[in-house]
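I opened the model to see what I could read from it. My entries are below the view.

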Amino acid sequence: MELEHKAYWALKTCNFEPDELRTNRILQMNALEELRNESYTNSLIYKDKTKIWHDARLKDNKEFEEGQKVLLYNSRLKLFPGKLRTRWTGPFTIKHVYPYGVIELWGKDRSSFKVNGHRVKRYEEGMPRDERLEERLDLEEAIET
C-alpha cells in the first residue's frame with residue numbers, strides 16, 4: 001500500500017498524466033513511421049538513379065568497330081583467382097563485328113577467334129611515350145653513376 005502511494009505521489013509531482021503520455025507516445029511512433037517511409041522512398045529513388053547512370057555507361061561502351069583494340073575477359077580465372085591478378089587479357093584487334101553481339105578478334109599471333117560481345121571491353125591506350133624524355137632520364141642515370 002505504501003509503495004503504491006509513493007508511485008502515485010511521484011506521478012503527481014512530475015505532473016505525468018497517463019492520457020497525455022499515451023497520446024504523446026502514439027505521436028512519436030507515428031513520426032517515426034513517417035520517417036521510416038520517407039527514408040525507404042529516398043532509397044528507392046537513389047537506387048533508380050544509380051541504375052540509370054550505370055546502364056547509360058554500359059550501353060555507350062558496347063559499340064565496337066573493326067580495327068578497334070579491346071580487352072577479353074578470362075572467365076576461367078574465377079576458379080583459381082590470384083589476389084591481384086587481372087581477369088582481362090589483351091589487347092586484341094577486332095577483325096569483324098557480327099550481328100547479335102558476336103565479335104571476331106585477332107590474336108597477337110594473327111589467329112582469329114569469335115567471342116561474345118559481353119566478354120570484351122574497350123582498350124584505353126595509355127599516355128603516349130615521350131622518347132626524348134626517356135633518353136634524357138637515361139642520360140641523367142648515366143651521369144649519376
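These entries go from the whole chain down to single residues.

**Entry 1: the model and its confidence**

I noted before anything else that this is a predicted model. The mean pLDDT of the protein chain is 79, and 74% of its residues reach 70 or more. I then looked up the elements: β3 has the highest mean pLDDT, 92, while helix α3 (residues 131-144) has the lowest, 64. Where pLDDT is low, predicted coordinates should not be read in detail. I left that helix alone.

**Entry 2: the layout**

How many helices and strands does the protein chain have? I counted 3 helices and 5 strands. Along the sequence they come in the pattern α-α-β-β-β-β-β-α. Of the 145 residues in the chain, 11% are buried. I also checked contacts between residues at least 6 apart in sequence: 45% of them join residues at least 24 apart.

**Entry 3: the core**

Which residues make up the largest nonpolar core? I listed 9: F64, V70, L72, F92, I94, I103, L105, V115 and V120. Strands β1 (69-73), β2 (88-97) and β3 (102-106) each supply at least two residues of this core. In soluble globular proteins, nonpolar side chains tend to be buried together.

I picked V120 from the core and looked up its contacts, leaving out neighbours within four places in sequence. V120 is in contact with K62, F64, V70, L71, L72, W88, I103, L105 and V115.

**Entry 4: the largest pocket**

The largest pocket holds about 160 Å³ of space. Its lining is K62, E63, F64, V97, Y98, G101, V102, I103, N116, G117 and H118. By type, the lining has 5 nonpolar, 4 polar and 2 charged residues. F64 and I103 are in this lining, and I had already listed both in the core.

**Entry 5: E104**

Is E104 buried or exposed? E104 sits in strand β3. Its relative accessible area is 11%, so I call it buried, the cut-off being under 20%. Not counting neighbours within four places in sequence, E104 is in contact with T93, I94, K95, H96, Y98, S112, F113 and K114.

**Entry 6: F113**

F113 appeared among the contacts of E104, so I looked it up next. F113 is in strand β4, which runs over residues 112-116. With a relative accessible area of 29%, F113 is partly exposed. Leaving out residues up to four places away in sequence, F113 touches L72, F92, I103, E104, L105 and G107. I also took one distance: F113 and I94 are 19 residues apart in sequence and 9.9 Å apart in space, C-alpha to C-alpha.

**Entry 7: two positive phi values**

I looked for residues other than glycine with a positive phi and wrote down two. Phi of Y100 is near 65 degrees. Y100 is in the loop between β2 and β3. Its relative accessible area is 85%, so Y100 counts as exposed.

Phi of R110 is near 60 degrees, and R110 is not a glycine either. Where is R110? R110 lies in the loop between β3 and β4. R110 is exposed too, because its relative accessible area of 58% is over the 50% cut-off.

Terms used. Residues numbered from 1 in each chain as written. Predicted model: local features only at pLDDT ≥ 70, side-chain atom pairs only at ≥ 80, totals over all residues. Heavy atoms only, no water. Core = buried A, V, L, I, M, F, W, Y, C linked by side-chain atoms within 4.5 Å. Buried < 20%, exposed > 50% of the residue type's maximum accessible area, 1.4 Å probe, protein only. Helix = DSSP H or I, 4+ residues; strand = E, 2+ residues; numbered from the N terminus. Contact = heavy atoms within 4.5 Å. 1 Å grid on protein atoms, 1.4 Å probe; cavity = no way out; pocket = protein on both sides within 12 Å on 5 of 7 lines; lining within 4 Å. Points joined across faces, edges and corners; volume = space filled by probe spheres on them. Nonpolar A, V, L, I, M, F, W, Y, C, P; charged D, E, K, R; others polar. pLDDT = per-residue confidence, 0-100.
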